[in-house]
Amino acid sequence: MPNADSRKNGRYLVMPRGINVGTRNRVPMAVLRSKLTDAGFSDVATVLASGNVIVSTESDRPAEVAATVRRLLNDAFDVDVPCIARTADHVRGVLDRNPLEKVVSNPSRYLVIFLSEEPDPELVGALLEEDHSPEAIAIEGTEAYVWSPDGVAAMTLSYAYLERRLDVVATARNWNTINKIVAKL
């Protein structure tokens, strides 16, 4: 097990998009944990079956960690999906920032959409100037916070919509899931 310093510096959440949703892109979590350990990651854990992967590694580059997990998913399971990685400290900061805290009344309808990179400020400005009622959105760095009071099935500010508007790759997790993930980091 890594010492406390290496664990803090090299602990990551990797979020593959769209695995184990419906009948497509099936990946058994126990097998994935084993394959990740075989690939050199340590302290491997998963949260829920939808592929929230927590790993420790000596890498200090989230994009490199995400690319390694993506290759492993493709090689081991024939599943090619985008993966986004964040450091453990970054994910904890997502909970701390919580820019829509005053409007959210149901955490299952509150999403954080993790973006592959910080979007162009002009694209963000144009998006934020529009009325998205009853939904609300805040974008801070590489995360978009979206409140969807009518539920995720009815939301217009989806990760796919934000990908098109902001020219980034994205994946979403609801507030409850992020809290479960942070508890395991």
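# Pockets and helix pairs, checked against their definitions

Reader: What does the lining of the second largest pocket hold, by class?

Author: By class, that lining has 9 nonpolar, 1 polar and 2 charged residues. This is a predicted model, in which local features need pLDDT of at least 70 and side-chain atom pairs count only at pLDDT 80 or more, while totals for chains, interfaces and linings use all residues. Residues are numbered from 1 along each chain as its sequence is written, and side-chain values use heavy atoms, with hydrogens and water left out.

Reader: How do you know which lining residues of the second largest pocket are charged, and which are polar?

Author: The lining consists of P62, A63, A66, A67, R70, P82, C83, I84, A85, R86, S116 and V169. Asp, Glu, Lys and Arg count as charged, so R70 and R86 are the 2 charged residues. Ala, Val, Leu, Ile, Met, Phe, Trp, Tyr, Cys and Pro count as nonpolar and the others, Gly among them, as polar, which means that S116 is the polar one. Both α3 (62-77) and β4 (83-87) supply at least two residues of this lining, and the largest share, 5 residues, comes from α3.

Reader: What makes a space a pocket, and what volumes do the largest and second largest pockets have?

Author: The largest pocket holds about 360 Å³ of space, and the second largest has a volume of about 180 Å³, volume being the space filled by probe spheres set on the grid points. A pocket is an open set of points on a 1 Å grid where a 1.4 Å probe fits, with protein on both sides within 12 Å along at least five of seven lines, and lining residues have an atom within 4 Å of a point.

Reader: Which residues are closest to the centre of the largest pocket, and which element supplies the largest share of its lining?

Author: Of the 19 residues that line the largest pocket, L111, Y159, T171, A172 and R173 are the closest to its centre. While β5 (110-115) and β8 (170-174) each supply at least two residues of this lining, the largest share, 4 residues, comes from β8. By class, the lining divides into 10 nonpolar, 7 polar and 2 charged residues.

Reader: Why are α2 and α3 called oblique to each other?

Author: Helix α2 (residues 29-38) packs against α3 at an angle of about 120°, with their axes 11 Å apart. Angles under 35 degrees count as roughly parallel, over 145 as roughly antiparallel, 65 to 115 as roughly perpendicular and the rest as oblique, and α2 and α3 are therefore oblique to each other. In their contact (heavy atoms within 4.5 Å), V31, L32, K35 and L36 of α2 meet V69, L72, L73, A76 and F77 of α3. These residues divide into 8 nonpolar, no polar and 1 charged.

Reader: Why does the word oblique also apply to α4 and α7?

Author: The axes of helix α4 (residues 88-97) and helix α7 (residues 175-184) cross at roughly 135° and come within 10 Å, and these two helices are therefore oblique to each other. On the α4 side V91, R92, V94 and L95 take part, and they meet W175, I178, N179 and V182 in α7. By class, this contact has 6 nonpolar, 1 polar and 1 charged residues.

Reader: What makes α5 oblique to α6?

Author: Helix α5 (residues 121-129) and helix α6 (residues 159-166) have axes that come within 9 Å and cross at roughly 130°, which makes α5 oblique to α6. Here L123, V124, A126 and L127 in α5 meet Y161, L162, R165 and L166 in α6, and the residues of the contact divide into 7 nonpolar, no polar and 1 charged.

Methods
Axes are lines fitted to C-alpha atoms, for helices over the stretch in contact, and angles run from 0 to 180 degrees between N-to-C directions.
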